[in-house]
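Biologist: Got a minute? I'd like to go through this model with you.
Modeller: Sure, put it up.

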Amino acid sequence: MGTGFDFELESESGPARAARFRTPHGTVETPAFMPVGTAATVKGLDPDELHTIGAQMILANTYHLHLRPGDELIRDFGGVHRFMGWDGTLLTDSGGFQVFSLEGLRTVSEDGVEFRSHLDGSTHVFTPERVMVIERNLGADVIMQFDHVIPGQSDEAAARDASERSVRWLARCMKALDSLRSDGASPISTARNFPRLPGTTFPLPAPSQPQALFPIVQGGIHATLRREATRAILDLADWIGFGVGGLSVGEAKPDMYRILEVLNGELPRDRPRYLMGVGFPEDLVEGVARGIDLFDCVAPTRMGRNGAAFTNDGRFNIKRAEFRTDPRPLDPECDCGACRRFSRGYIRHLFTADEMLGLRLLSLHNVHFLVRLMRDARAAIRADRFAAWSREWLTRYHSRSPVIA
Ligand SMILES: [Zn+2]
């Protein structure tokens, strides 16, 4: 395992695993949910709140930060950690998912993807080499390879094409990153305008801070392709961890679960596995049950801004009239800052009156809910009772769904 990273498997309960993933910015206890900071902010929440919630690792988006404010500007501020004031572990995606979502605004070739910005229509090109420069400028602990993402229901030929291209792009990412590293100090430590904010105790980034490049296993819902992709990736290098991409993109849930079971048998047990873009509470529990360690999704904050609250009994929308006079907290079992202090009636009022605190409180609660859910899963794994815990949790979550948001 590379400098600055370590993955210690603590206990297993069936395929579910509890581990400690050490990175240059701290230890992540897994399984874990990573809140998404698309534009170098987990919408509505500041880093102190994320720490209080118990989040140990968050994600930022390469596509969005490259377009605005620009990865070179962020480099000159010392990288995303320092730019946004987050001193925990950070991961950047590669922008693959975003550029392939720009239907009609992109052209794919073997070299890379040319696309038009959703902000101003300007033309950009992402190649594996270019994305490595950008992710190096952003300076996250874990950086994802540039991959070819396709819709979930793609047929085998399309899935094979994209999966094999992703492996070729991985080799190019690896080569590009090696040559950037051999250029000497990290771009962050040589940044021109390194700001010294008066009165801050935020640590300076270490010179030549190590970054772990994670490959992404593609292959759609085709088990053979997933196996072939994993083996091709393992032939390239000794990876610190693995991304699982191309799931939760429109395929049926049983297909996702089946592919996770295939990958559980293929991926090395002693390395972290990150299921990208997943998900909802039940997806996290089902993923842990199939050997996944890390998750991310915008759902808790995006749905929170629409008034949806997660609970162990399913989710409900706070905007419904029935909550106008409800004195209970969003979730009576939750100890987050929103549930400890405020009633459903008050939060509903904030939404009705378009007060920004309402959006913040729902986001806070939902992120806390997923972080805590993974902490509970971890405790069950360590007690070797994950199968019973997950069965009870899923039964309750599915059977009592009070009001679907
Ligand atoms: Zn709460």
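Modeller: Start with arginine 160, which counts as partly exposed at 27% relative accessibility. Partly exposed sits between buried, under 20% relative accessible area, and exposed, over 50% (1.4 Å probe, protein chains only).

Biologist: Before that, what am I looking at, and how is it numbered?
Modeller: This is a predicted model: local features need pLDDT of at least 70, side-chain atom pairs count only at pLDDT 80 or more, and totals for chains, interfaces and linings use all residues. Residues are numbered from 1 along each chain as its sequence is written, and side-chain values use heavy atoms, with hydrogens and water left out.

Biologist: OK. Which residue forms a salt bridge with arginine 160?
Modeller: Glutamate 228, with the closest N and O atoms 2.9 Å apart. A salt bridge here is a side-chain nitrogen of Lys or Arg within 4 Å of a carboxyl oxygen of Asp or Glu.

Biologist: And where do the two lie?
Modeller: Glutamate 228 lies in helix α8 (residues 223–236) and arginine 160 in helix α7 (residues 156–182), so the pair ties together parts 68 residues apart in sequence. Helices (H or I, at least four residues) and strands (E, at least two) are DSSP runs, numbered from the N terminus. Glutamate 228 is partly exposed too, at 36%.

Biologist: How many salt bridges does the whole structure have?
Modeller: The search finds 33. One of them joins glutamate 103 to arginine 106, at 3.3 Å between the closest N and O atoms. Glutamate 103 counts as exposed at 63%, while arginine 106 is partly exposed at 25%.

Biologist: What about arginine 385?
Modeller: Its side chain meets glutamate 392 in a salt bridge, 3.9 Å from N to O. Arginine 385 is partly exposed at 38%, and glutamate 392 is exposed at 52%.

Biologist: Which residues are linked in a network?
Modeller: Salt bridges link Glu10, Arg20, Glu29, Arg378 and Arg382.

Biologist: Switching to empty space. How much is in the largest pocket?
Modeller: About 830 Å³. The grid is 1 Å, over the protein atoms alone; a pocket is an open set of points with protein on both sides within 12 Å along at least five of seven lines, a cavity is a set where a 1.4 Å probe fits but cannot get out, and lining residues have an atom within 4 Å of a point. Points are joined across faces, edges and corners, and a volume is the space filled by probe spheres set on them.

Biologist: Which lining residues are closest to the pocket's centre?
Modeller: Of the 41 that line the largest pocket, Phe97, Gln98, Gly277, Asp296 and Val298. Helix α5 (96–101) gives the most to that lining, with four residues.

Biologist: And by class?
Modeller: The lining has 14 nonpolar, 18 polar and nine charged residues. Ala, Val, Leu, Ile, Met, Phe, Trp, Tyr, Cys and Pro count as nonpolar, Asp, Glu, Lys and Arg as charged, and the others, Gly among them, as polar.

Biologist: How many cavities of 30 Å³ or more are there?
Modeller: Two. The second largest holds about 30 Å³.

Biologist: What lines the second largest cavity?
Modeller: Leu260, Leu263, Asn264, Leu267, Arg273, Arg290 and Ile292. Helix α9 (residues 253–266) supplies the largest share of that lining, three residues. The split is four nonpolar, one polar and two charged.
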